[in-house]
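Work through the exercises below on cysteine pairing and a chain interface. Each task is followed by a stepwise solution.

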Amino acid sequence: MKDHYELVILGGGPAGLSAGLYAARARLDHVMLEKGAPGGQVLLTDWVDNYPGFPEGLTGFDLVERMTQHAKRFDLNTELACVTEVDLSNVKRKVLRLEDGGTVTCDSLIICTGASANSLNVPGERELRGKGVSYCGTCDAPFYRNMHVAVVGGGNTAIQEAEYLTKFADKVTVIHRRDSLRATKIIQEIAFANKKIEFLWNKRVTSIEGQTGVERLQLVDNDGTPSVLDVQGVFVLIGVTPNNAGLPLQLLQADKWGFIPIDGESRTTVPGVMAAGDICSKDVRQIVNAAGEGAVAVLAAEKYLQSLK
Amino acid sequence: MANDKVLQLNDAEFDSVVKSAQPTLVDFWAPWCGPCKAIGPVIEDLAGEYEGKVTIAKMNVDDNPATPGKFGIRAIPTLILFKDGQVVDQITGSVGKSQLVALINKAK
C-alpha cells in the first residue's frame with residue numbers, strides 16, 4: 001500500500017464497489033480499503049430480486065462476486081485494512097489511521113462504511129448470541145431444521161428472512177411491535193400465504209431466556225399484557241445502526257442516529273469528502289441507490305480533484 | 001497468498017489437532033455463509049502471521065456435522081480458540097482482525 005492516494009474509498013459493499021468501478025475507469029490514483037472480503041450487508045441477503053438487470057434474481061453472494069469482478073476488470077485497486085480513525089481536521093491532507101499503526105493520506109475520500117444490524121438490547125441477548133440469537137437468517141437457518149423460531153421485525157429484511165427460514169424451520173413466528181408490516185407489498189403477500197409463518201402483532205420482546213441455548217422469549221403486548229413464546233431460536237432483524245466508529249461525526253454533521261447527510265452529488269459538508277450507501281442519512285437503504293450514490297460520489301471526487309490542480 | 005497455511009480440519013482429525021501442543025483457532029464456516037466469506041482473508045492473514053505458534057484451522061460445518069454439534073454451534077462464523085483440547089474462548093460473527101488477535105492472545 002502507498003502512503004498517499006488521490007482517492008480513498010472506505011468500505012467495499014455495493015456503494016464502495018460501484019465507486020471503485022467508476023474510480024478505476026476514471027483512472028484515478030485510488031484504493032478501496034476493506035477489512036475483509038468485499039460485500040458488506042448484501043452478503044447477509046439470501047436472495048436479491050430487485051436489482052435491475054437480473055430478471056431471474058440472484059443471491060447476495062453472487063451479486064457481490066459480479067460487482068467485484070466487474071470493478072477488477074478495470075483494475076480496481078483494493079487493500080485489506082481496518083481503518084480506526086478518519087482525521088479530516090486538515091482538509092488538504094485527509095488522514096486515515098489504520099489498526100496496524102500505519103496511516104494513509106488522501107486528497108479525496110468516499111465513505112462507504114455501511115451499517116450493521118441493530119440489537120434488541122434486552123436481557124439474555126448478548127449471552128445467547130450464537131446459541132439461538134442470530135442476526136442473519138441466511139447464515140444460520142440450516143441450524144434450525146424442524147425447529148420453531150421467532151423473527152423480530154416487520155421490514156423487508158425481517159419478512160424476507162422469515163420466508164427463507166421456513167425452508168428449514170417447522171414454524172416461524174414473526175413478532176412485530178405494530179399492527180401492520182412495513183415490508184414491500186409483494187414480500188408481504190408471499191409471507192401471508194406461507195402456512196409456516198405466524199404473526200404476533202403489537203408485541204415486543206422483553207427478554208430472551210435459556211440455559212445453554214434459547215428456550216423462550218418473554219413478550220409484552222402494547223397494552224402491557226405479558227406472554228411467553230417457546231422457541232429454539234430468535235432472529236433479530238429490526239433495522240440498522242451506522243458503522244461510524246472513528247468518523248468525525250461533528251465535522252460531518254451526522255444526524256441524531258449517526259448517519260451522514262449528503263447532497264445530490266453525494267458530497268458531505270467537508271470539501272472533498274463524499275459518502276455513499278447505508279452510512280448516509282436517508283429513508284431508503286437499497287442496493288440500487290447505494291450503487292448509484294457510489295458512482296455519483298466518484299464524479300464529485302473527480303470534480304474536486306480537478307479543482308485542486 | 002497464505003491460503004495453504006490454513007489447515008482444513010475434519011471431524012476425524014479434530015481431536016488430535018486441538019489436543020496438540022500448539023493452540024488452535026478453528027473457524028467454523030460454510031460455503032453458503034456470506035459473513036464467513038468476508039472473514040476469510042483475515043483468517044488467511046492470521047495463518048501467515050502465527051505460523052509455527054498457533055494453528056489456524058477452518059472446519060466446513062456442512063461436511064463435518066459432528067464437531068459443531070458437540071460445541072453447540074448454531075451460528076456461523078463461530079471462531080473457537082482451543083488450548084490442550086480445552087475451549088479457551090470463542091467469538092461469533094464477522095469480526096475485525098484486532099478482535100481475533102485478542103482472542104488468540106488468550107492462549108498465552
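**Exercise 1.** Find the partner of B:C33 and describe the link.

*Solution.* B:C33 pairs with B:C36 in a disulfide (cysteine sulfur atoms within 2.5 Å). Their sulfur atoms are 2.2 Å apart. The torsion about the S-S bond is 85°, and the link of B:C33 and B:C36 is right-handed. Both B:C33 and B:C36 are buried (under 20% relative accessible area, 1.4 Å probe, protein chains only).

The model is predicted: local features need pLDDT of at least 70, side-chain atom pairs need 80 or more, and totals for chains, interfaces and linings use all residues. Residues are numbered from 1 along each chain as written, chains are lettered from A in written order, and side-chain values use heavy atoms, without hydrogens or water.

**Exercise 2.** Why is A:C280 in no bond with A:C112?

*Solution.* Take the distance. The sulfur of A:C112 is the closest cysteine sulfur to that of A:C280, yet lies 7.9 Å away, so it is too far for a bond. Then check burial. A:C280 is buried at 0% relative accessible area; A:C112 is buried at 6%.

**Exercise 3.** Which salt bridge links chain A and chain B, and how much area do the chains bury?

*Solution.* Start with the salt bridge (Lys or Arg side-chain nitrogen within 4 Å of an Asp or Glu carboxyl oxygen). The rule finds one across the interface. B:K37 and A:E65 form it, at 2.4 Å from N to O. Next, the buried area (accessible area lost on being put together, 1.4 Å probe, summed over both parts). Chains A and B bury about 1800 Å², 62% of it on carbon and sulfur atoms.

Terms used: Buried area = accessible area lost by both parts, 1.4 Å probe. Buried < 20%, exposed > 50% of the residue type's maximum accessible area, 1.4 Å probe, protein only.
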